Amino acid sequence: MRRSPLLMLALLMAVAGIVLLHAVGAPPLFVLGFAAVVVVPALVVTVRRRRAR
């Protein structure tokens, strides 16, 4: 499976966001929600691009 640059960027942003939100004391569900909002759209775009080929 080839790595998608978009997906890698989204994962990096999610990890950075999780670390920052955890550092400022955000509730765990809020942190997970943030990660989902960042990663899921990138995952959907990646899957659609692969199916289009």
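Methionine 8 counts as partly exposed, because its relative accessibility is 37%, a value that lies between the 20% cut-off for buried and the 50% cut-off for exposed. This is a predicted model, and in it methionine 8 sits in helix α1. Its C-alpha is 9.8 Å from that of leucine 43, although 35 residues separate the two in sequence.

Let's look at the helix that holds this methionine. Helix α1 covers residues 5-23, and its end C-alpha atoms are 27 Å apart; this agrees with the 27 Å that 19 residues should span at 1.5 Å a residue. Five of its residues can be named as buried: Leu7, Ala10, Ala14, Gly17 and Leu21. Seen down the axis of α1, the buried residues fall within an arc of 85°, so they line one face of the helix. Turned away from that buried side is a face with the exposed residues Pro5, Leu12, Val19, Leu20 and Ala23. After α1 comes glycine 25, which has a positive phi, near 85°.

What covers the buried residues of α1? The cover includes α2, residues 28-52. In turn, the buried residues of α2 pack against α1.

Here are the two helices side by side:

| Helix | C-alpha span, first to last | Expected span | Buried residues |
|---|---|---|---|
| α1 | 27 Å | 27 Å | Leu7, Ala10, Ala14, Gly17, Leu21 |
| α2 | 36 Å | 36 Å | Val31, Ala35, Val38, Val39, Ala42, Thr46 |

Now for the packing itself. Two packed helices are described by the angle between their axes and the distance between the axes. For α1 and α2, the angle is about 180° and the axes are 9 Å apart. The two helices are therefore roughly antiparallel to each other, since an angle over 145 degrees counts as such. On the α1 side, the contact is made by Leu6, Leu7, Ala10, Leu11, Met13, Ala14, Gly17, Ile18, Leu21 and His22. From α2 come Phe30, Val31, Phe34, Ala35, Val38, Val39, Ala42, Leu43, Val45, Thr46 and Arg49. By type, the residues of this contact divide into 17 nonpolar, three polar and one charged.

Leucine 43, the partner in the C-alpha distance given for methionine 8, is among the α2 residues that make the contact with α1.

How values were computed. Residues are numbered from 1 along each chain as its sequence is written. This is a predicted model: local features need pLDDT of at least 70, side-chain atom pairs count only at pLDDT 80 or more; totals for chains, interfaces and linings use all residues. Side-chain values use heavy atoms; hydrogens and water are left out. Helices (H or I, at least four residues) and strands (E, at least two) are DSSP runs, numbered from the N terminus. The expected span of a helix is 1.5 Å times one less than its number of residues. Buried means under 20% relative accessible area, exposed over 50%, partly exposed in between (1.4 Å probe, protein chains only). The arc is that of the directions from the helix axis to the C-beta atoms. Contact means heavy atoms within 4.5 Å. Axes are lines fitted to C-alpha atoms, for helices over the stretch in contact, and angles run from 0 to 180 degrees between N-to-C directions. Angles under 35 degrees count as roughly parallel, over 145 as roughly antiparallel, 65 to 115 as roughly perpendicular and the rest as oblique. Ala, Val, Leu, Ile, Met, Phe, Trp, Tyr, Cys and Pro count as nonpolar, Asp, Glu, Lys and Arg as charged, and the others, Gly among them, as polar.
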